[in-house]
Amino acid sequence: MLAEPLSPSLQKLRLDDGRPVEWAVSQGYVDYAAAEAFMEARVAAIAAGEAQEMVWLLEHPPLYTAGVSARDEDLLDAGRFPVHRTGRGGQFTYHGPGQRVAYVMLDLNRRGKDVRCFVRGLELWLIGALDQFGIEADIRPGRVGVWVARKGPGWSREDKIAAIGVKVRKWVSFHGISLNVEPDLDHFGGIVPCGIQEHGVTSLVDLGVLATIDEADEALRRSFGRIFGAAVEADAPF
């Protein structure tokens, strides 16, 4: 998959001038409300031409977030972790230690002004990163995120390994993706993840890939470059 050229429709996701995106990685756990406040300010600055695009990688302490389509009945255990109502697309999801969150603040004014194409780019970014670990992942019609098929003697199922939830304001994106590296999968039990009851969740480690967060970051960076273009290291906000 990594060797295949991008389709013409996806080529517009790359900047003509090759200007790199700032790539920031936070150490430790970042408070969700503080992260959201930073994104709001950064998106406004990008839209005004006062800041560069940024991809910000981080981990949150255990929490649930509710997107604009979240249904109250999908919050199964409201007292388990803090719940944050947010303006991103999608429904309920979990964030916590061992999960790499990447907040993607890109100027779609210069990347085709096509939200559907942008989301496809995010999917391919994740699929390409997982491919580097020998994991065959893909999307499924009618389901958000990136999925893997699992089989054993007498059984088969499909589990989600990565989630996508974005918002676009003035054609600048924010929120982004989350990749399960080694989270506590039991923590997803307090919600119906993304409103999908009939399928489960998995992670790199759950699939037998003993990858670290740092190794996942490197895979994400390589795959990002192929889809969206170059990235340059920058200081993390927190």
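**Exercise 1.** Which residues are linked with Asp-17 in a network of salt bridges?

*Solution.* The model is a predicted one, in which local features need pLDDT of at least 70 and side-chain atom pairs count only at pLDDT 80 or more, while totals for chains, interfaces and linings use all residues. Residues are numbered from 1 along each chain as its sequence is written, and side-chain values use heavy atoms, with hydrogens and water left out. A salt bridge is defined as a side-chain nitrogen of Lys or Arg within 4 Å of a carboxyl oxygen of Asp or Glu. Under that criterion, Asp-17 shares a network with Glu-53, Asp-107, Arg-110 and Arg-111, and a search of the whole structure returns 18 salt bridges.

**Exercise 2.** Determine which parts the salt bridge of Arg-169 and Glu-40 ties together.

*Solution.* Begin with the contact, where the two side chains meet at 2.5 Å, N to O. Arg-169 belongs to strand β9 (residues 155-169) and Glu-40 to helix α2 (residues 32-47), so the pair ties together parts 129 residues apart in sequence; helices (H or I, at least four residues) and strands (E, at least two) are DSSP runs, numbered from the N terminus.

**Exercise 3.** For the salt bridge between Arg-157 and Asp-159, decide whether each residue is buried or partly exposed.

*Solution.* The side chains of Arg-157 and Asp-159 meet at 3.0 Å, N to O. Buried means under 20% relative accessible area, exposed over 50%, and partly exposed in between (1.4 Å probe, protein chains only). Arg-157, at 41%, is therefore partly exposed, whereas Asp-159, at 1%, is buried.
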